[in-house]
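Welcome! Here are a few short exercises to work through, each followed by a stepwise solution. Have a look at the model first.

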Amino acid sequence: MKVTTSPKLPNYINGEWRASDAAEFLQVHNPATAEVLAETPLSPKGEVDQAVQAASAAFPDWRRTPATDRVQYLFKLKNLLEQHFEELARTITLECGKTLAESRGEIRRAIENVETAGGAPILLQGDFSEDIASGIDEILIRQPLGVCAAICPFNFPGMIPFWFMPYALAAGNTYLVKPSEKVPLTMRKVFELLHGIGLPKGVVNLVNGAKETVDAILEHPGIRAVSFVGSTSTARYVYAKAASTGKRAQCQGGAKNPIIILPDADLETSTRITADSAFGCAGQRCLAASLIVTVGAARKPFTEAIFQAAAERTVGYGLDEKVQMGPVISVQSKTRIEGLIEKGIREGATPLLDGRQPRIPGFEHGYFVRPTILDNLNPQHEITGTEVFGPVLGLIHVKTMDEAIAFTNSGRYGNMACLFTGSGANARKFRHEAEVGNIGVNVGVAAPMAFFPFSGAKESFFGDLHGQGRHAIEFFTQTKVVVERWPKEWTRKF
Ligand code: NAD
């Protein structure tokens with residue numbers, strides 16, 4: 001959408017805020033009120049180039065800065081993130097719509113990643129073997145790549161850049177972040193804090209934009225590695241394009257996460273946790289429960305209980321502490337989600353709870369969809385295999401756990417699957433057989449802590465090394481192996 005109103009957001013390049021020369025700007029909306037908060041520049045290729053030049057110029061000194069000194073900047077950043085915690089959480093809620101509690105959780109995980117990256121020196125440690133043959137030693141060293149970039153989605157504007165950036169910096173790389181054009185304000189605040197920690201100019205850069213800016217990043221010969229998080233179609237595109245220009249890439253895509261409920265699961269716990277998983281963040285989480293697979297006798301009690309939990313959910317403005325679910329991100333998203341519900345019903349699903357076109361008093365212009373439950377889905381329904389990315393939960397009923405696992409493994413995505421059970425043996429079988437990257441047992445959002453990789457499989461992930469923890473350090477470093485010959489007869493006597 002073309003607009004004329006302000007404030008127009010700048011980029012952060014070479015240690016300063018620079019107005020963009022973009023020909024086009026996109027409106028950033030508060031999804032609960034439809035109020036325009038700012039305008040994102042669709043930064044042209046030349047501005048990506050300025051950022052890459054600044055980051056390239058900063059790289060030689062930054063890589064020679066000892067890792068123990070580099071992480072001191074992260075400790076300063078952690079302190080500033082803690083001091084500005086509430087302000088950051090409110091900004092996320094304003095531009096993204098999620099509840100304050102959810103936004104606080106997001107910033108907490110961002111900080112945990114900064115803390116984990118603070119321990120990078122031990123992860124950057126090399127390896128050494130003496131006398132691999134007589135008088136010959138081998139040394140493995142880890143070195144940074146150069147300029148790296150993150151391309152981020154709308155649903156976690158405060159957390160996702162932190163799956164990558166702190167590790168990249170700790171490992172000695174210089175960096176460029178491209179936030180989602182829909183939610184640029186949180187990274188703007190983060191970069192105000194980054195400005196305050198005194199990093200050398202050019203070490204971190206922020207360039208706003210959408211497809212054209214992403215293409216400029218992918219085509220730039222000065223960028224060595226790209227971390228992407230977003231939908232599967234874009235992940236696939238970014239991965240292929242990055243590879244074609246010789247970049248390292250890790251691309252996390254979409255999801256359709258099943259949760260299996262066995263008859264021996266605790267009803268109260270499984271209902272509460274799956275409702276939070278399905279409807280938290282208005283279902284706009286790559287680890288949201290989108291399908292529940294009940295096994296045998298779990299069907300009736302669980303269906304009744306999840307209906308109750310969904311119907312009771314308080315929907316409204318995320319800044320109101322009593323609210324349990326906010327709006328979806330945009331009017332386009334609301335229309336798409338409501339269209340998918342319509343299609344599911346037309347194809348034969350039973351609408352236990354239909355959340356389309358809700359009336360939220362005082363927020364009539366907001367992009368709200370209430371919790372929706374579609375019962376009796378089967379694999380032939382389009383919605384069974386399609387990522388909705390909204391508060392829509394599908395129910396499928398099968399007779400055995402083997403059928404439930406077979407269904408789980410039949411999908412194109414592999415981001416997460418969960419099992420609710422009281423049986424350790426069944427949990428172990430599930431853990432072993434489910435073909436997904438993140439597994440939950442009696443957990444509804446299996447989001448790994450910062451020191452574990454954020455996994456993902458099949459069409460939910462393109463690449464090898466994931467974000468967070470040790471994987472991120474490996475992604476942001478290249479290894480060099482040195483073989484040295486020093487026969488003992490060469491030892492000089494002094
Ligand atoms: P998106 O793919 O629309 O956008 C992601 C990024 O790609 C944005 O920065 C956007 O500017 C850019 N982009 C969009 N279209 C592009 C194109 N054609 N060419 C080049 N760049 C393009 O995703 P979104 O709607 O912002 O985020 C929601 C998606 O992200 C969901 O599918 C969700 O499952 C996924 N997601 C995945 C994870 C994970 O860890 N697997 C985490 C969060 C979100």
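**Exercise 1.** Is F363 buried, partly exposed or exposed?

*Solution.* This is a predicted model, in which local features need pLDDT of at least 70, side-chain atom pairs count only at pLDDT 80 or more, and totals for chains, interfaces and linings use all residues. Residues are numbered from 1 along each chain as its sequence is written, and side-chain values use heavy atoms, with hydrogens and water left out.
- Step 1: recall the cut-offs: buried is under 20% relative accessible area, exposed is over 50%, and partly exposed is in between (1.4 Å probe, protein chains only).
- Step 2: F363 has a relative accessible area of 21%, so F363 is partly exposed.
- Step 3: try Y317 too; its relative accessibility is 18%, so Y317 counts as buried.

**Exercise 2.** Describe how the rings of Y12 and W17 are arranged.

*Solution.*
- Step 1: rings of Phe, Tyr and Trp (its six-membered ring) pair if their centres lie within 6.5 Å; planes under 30 degrees apart are stacked, over 60 edge-to-face, and the rest tilted.
- Step 2: the structure has 12 aromatic pairs. One of them joins Y12 and W17, with 5.0 Å from centre to centre and 65 degrees between the planes, which makes the pair edge-to-face.
- Step 3: look at the surroundings. Y12 is buried at 5%, while W17 is partly exposed at 27%.
- Step 4: add F191, which forms one aromatic cluster with Y12 and W17.
- Step 5: find R188, whose charged end sits over the ring of W17, 4.9 Å from its centre (CZ of Arg or NZ of Lys must be within 6 Å of the ring centre and within 35 degrees of the ring normal).

**Exercise 3.** Which residues lie nearest the centre of the second largest pocket?

*Solution.*
- Step 1: a pocket is an open set of points on a 1 Å grid over the protein atoms alone, where a 1.4 Å probe fits, with protein on both sides within 12 Å along at least five of seven lines; lining residues have an atom within 4 Å of a point.
- Step 2: of its 29 lining residues, E102, G105, E106, F156 and R285 lie nearest the centre.
- Step 3: turn to F156, where the charged end of K98 sits over the ring, 3.6 Å from its centre.
- Step 4: place the pocket. Domain 1 (11–253 + 460–481) and domain 2 (257–441), with bounds from an automatic or database domain assignment, both give residues to the lining, so the second largest pocket lies between them.
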